[in-house]
Amino acid sequence: MCPTPTPSLLFFHYYRCDCNIIGIRDRPSVSVGTGPLRSAPSSTNHHLYAVQDHLSPKSSSCLWNSEVQHIFSRFSLIKSRSYQRIRRSEAMGTDAVHSLEHIHDPEAISYLSQADAIAIDELLMGPLGFSVDQLMELAGLSVAASIAEVYKPDDYSRVLIICGPGNNGGDGLVAARHLYHFGYTPFVCYPKRTNKPLYHGLVTQLEALAVPFLSSEELPAQLASNFDIVVDAMFGFSFHGAPRPPFDALIRQLLVPSGLTRENCGLPMIVSIDIPSGWHVEQGDIEGTGLRPDMLVSLTAPKLCARKLTGSHHFLGGRFVPPEVANRYSLRLPKYPGTAMCVRIGKPLSVDVASLRENYVSPDFLEENVKDDPIKQFQEWFDDAVAAGLREPNAMALATADKDGHPSVRMVLLKGFDERGFVWYTNYESRKAHEILENPHASLLFFWEALHRQVRIEGSVEKVPEEESDEYFHSRPRGSQIGALASNQSSVIPGRHVLHQAYDELQAKYTDGKLIPRPEHWGGYRLKPKAIEFWQGQPSRLHDRLLYSRTEINGKQNWKIERYGAISSCCKLCSEASKL
């Protein structure tokens, strides 16, 4: 008899795998006591249950029960969204830094004239050996990547791509394929198909994915009722003259008259590829009859008309420009971050903060499925966060308050937990330490965005024994040990050079490898929980919230589990917890 994985772990391992191989396994618990997060030794056997046959309750009875069946019934709805969210979270740390580093000044980069853009294309597809299909593939991938940077599939899943008869339309067809694989639901309007093998192949690829093709007559008058995004792939930089039917009518359908907003006109977000349709390549919307896209994805290099863009988002895609082209045309192009296929140009325009929201989709979190002990339940969720590859799953917000109730909060790292409580280490002369001394009550908050989960813990705080602090201190890298000696936390210093000077002096002092003493002002705290709330995000803000609180039954301390309303104020919860 093989062991049955926990339903939540079964779910998360399932959606982290592709459609052909399904990894479902128990895995060892994780130690956070000393050093970096790592797998602790475990006698648990690892099992890999593979292939799609295990989707059926008729097979592998050791896996299937009503709980798992319920999870898989929800899986078809959420697998692509959840997978994308996990992948985004894994890269979030470096990508966030890179995106800040690579927001480029629009005035510091080059803009191409129509003649130069045509000449560069000819150079790429001539002496430099690129083929049309290569450039089209790279361009379409760049467009899809740019869309995914801003418009997440959780909220903008339905994408209409309107394709013209030329290369710009081919870019749109390629983008549709990549958007499908990114978790979006693309639709294609391709009224004037190009009779060439390359374009036939692109259409066939989309048909194999069951991507719907719509005629221009089938499009609704109010596009926003059926689509979240429209991709304008009608005309590129080589287009001349006035648009002919049916593209003239399609452009008119996407126009926002002066004095009105996109929402007033029933339009979704509009993303233009390289040149907004109806625009002059160099002078922009000179007739006032062109599109006003929310996003422009320039390819190779921005064209001169991009200077006239008023939309919120401008990206550059097409990471294929060789140095020879850049040197010949004196191109100043931004550096792409990491392995990204697109890079933002300029900062986005101001955002309506009130409109920022996520619609969470998660497996149900039910009382009959949770552990009786909240520490064991936390262990299960923490292991899920580690297995999902989240960065620093042990990061937690620590909230304290002084004797007058003035609060403060900061991020710290969990370094151990058991039935006694949750442990972190810090400077005993810091602000949080002074507040704990005055008011030994605090709260912790873990937030695992990719899993739609948070855990809030309230209780009293005490110092850990000195031998426990000694053991952890000497498990740290020597650089961290010296840093604890060098830094007088929460005190005013004249500059960063003071820290470096103190560090260098201590490093020189302990070059012989002798034991670095733990400073008396540095050590650990343990929060002894009185209340622990587990929160699981759900659609339409109908979140699951289960609160464990200590209660006495027959003279013994036990944990009581209560469900709280999803949208109710936290004030009641805080009030109840304060009585414990």
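Biologist: How many helices and strands does the protein chain have?
Modeller: This is a predicted model, where local features need pLDDT of at least 70, side-chain atom pairs count only at pLDDT 80 or more, and totals for chains, interfaces and linings use all residues. Residues are numbered from 1 along each chain as its sequence is written, and side-chain values use heavy atoms, with hydrogens and water left out. Helices (H or I, at least four residues) and strands (E, at least two) are DSSP runs numbered from the N terminus. On that basis, the secondary structure comes to 14 helices and 19 strands.

Biologist: And what share of the 580 residues counts as buried?
Modeller: Buried means under 20% relative accessible area, with exposed over 50% and partly exposed in between (1.4 Å probe, protein chains only). Of the 580 residues in the chain, the buried share is 48%.

Biologist: Which strands stand at the edges of the open sheet of 8 strands?
Modeller: Two strands pair if DSSP finds at least two bridges between them. The order is E5-E4-E3-E6-E7-E8-E9-E10, with mixed pairing. Two of these strands have a single partner each, so one side of each is left without a neighbour in the sheet: E5 (213-214) and E10 (342-344).

Biologist: Where do E7 and E8 meet, say opposite Ser272?
Modeller: E7 (residues 269-273) and E8 (residues 295-299) pair in the parallel sense over 3 bridges. Across from Ser272, in E8, stands Leu296.

Biologist: At what angle does H4 run to E8?
Modeller: Axes are lines fitted to C-alpha atoms, for helices over the stretch in contact, and angles run from 0 to 180 degrees between N-to-C directions. Contact itself means heavy atoms within 4.5 Å. H4 (residues 132-150) lies across E6, E7, E8, E9 and E10, and its angle to E8 is about 150 degrees.

Biologist: Which helix lies across E3, E4 and E5?
Modeller: This one also lies across E6, E7 and E8. It runs at about 160 degrees to E3 and spans residues 167-181, which is helix H5.

Biologist: Is Pro293, in the loop between E7 and E8, buried or exposed?
Modeller: Leaving aside neighbours within four places in sequence, Pro293 is in contact with Ile270, Ser272, Pro276, Trp279, Leu309 and Gly311. Gly311 is 18 residues away in sequence, yet 5.8 Å away in space, C-alpha to C-alpha. The relative accessible area of Pro293 is 2%, so Pro293 is buried.

Biologist: How many residues of E17 are buried?
Modeller: E17 (residues 522-536) pairs antiparallel with E14 over 6 bridges, with E16 over 11 bridges, and with E18 over 6 bridges. Val423 stands opposite Arg526, Val461 opposite Leu527, and Gln536 opposite Asp544. E17 is mostly covered, and its buried count is 13 of 15.

Biologist: Which helix gives the most to the lining of the second largest pocket?
Modeller: On a 1 Å grid over the protein atoms alone, a pocket is an open set of points where a 1.4 Å probe fits, with protein on both sides within 12 Å along at least five of seven lines; lining residues have an atom within 4 Å of a point. The second largest one has about 640 Å³ of space, counted as the space filled by probe spheres set on the points, which are joined across faces, edges and corners. Its 32 lining residues include Gly166, Asn167, Asn168, Gly236 and Ser238, the closest to the centre. H3 (114-125), H4 and H5 each supply at least two lining residues, and the one giving the most, with 6 residues, is H3.
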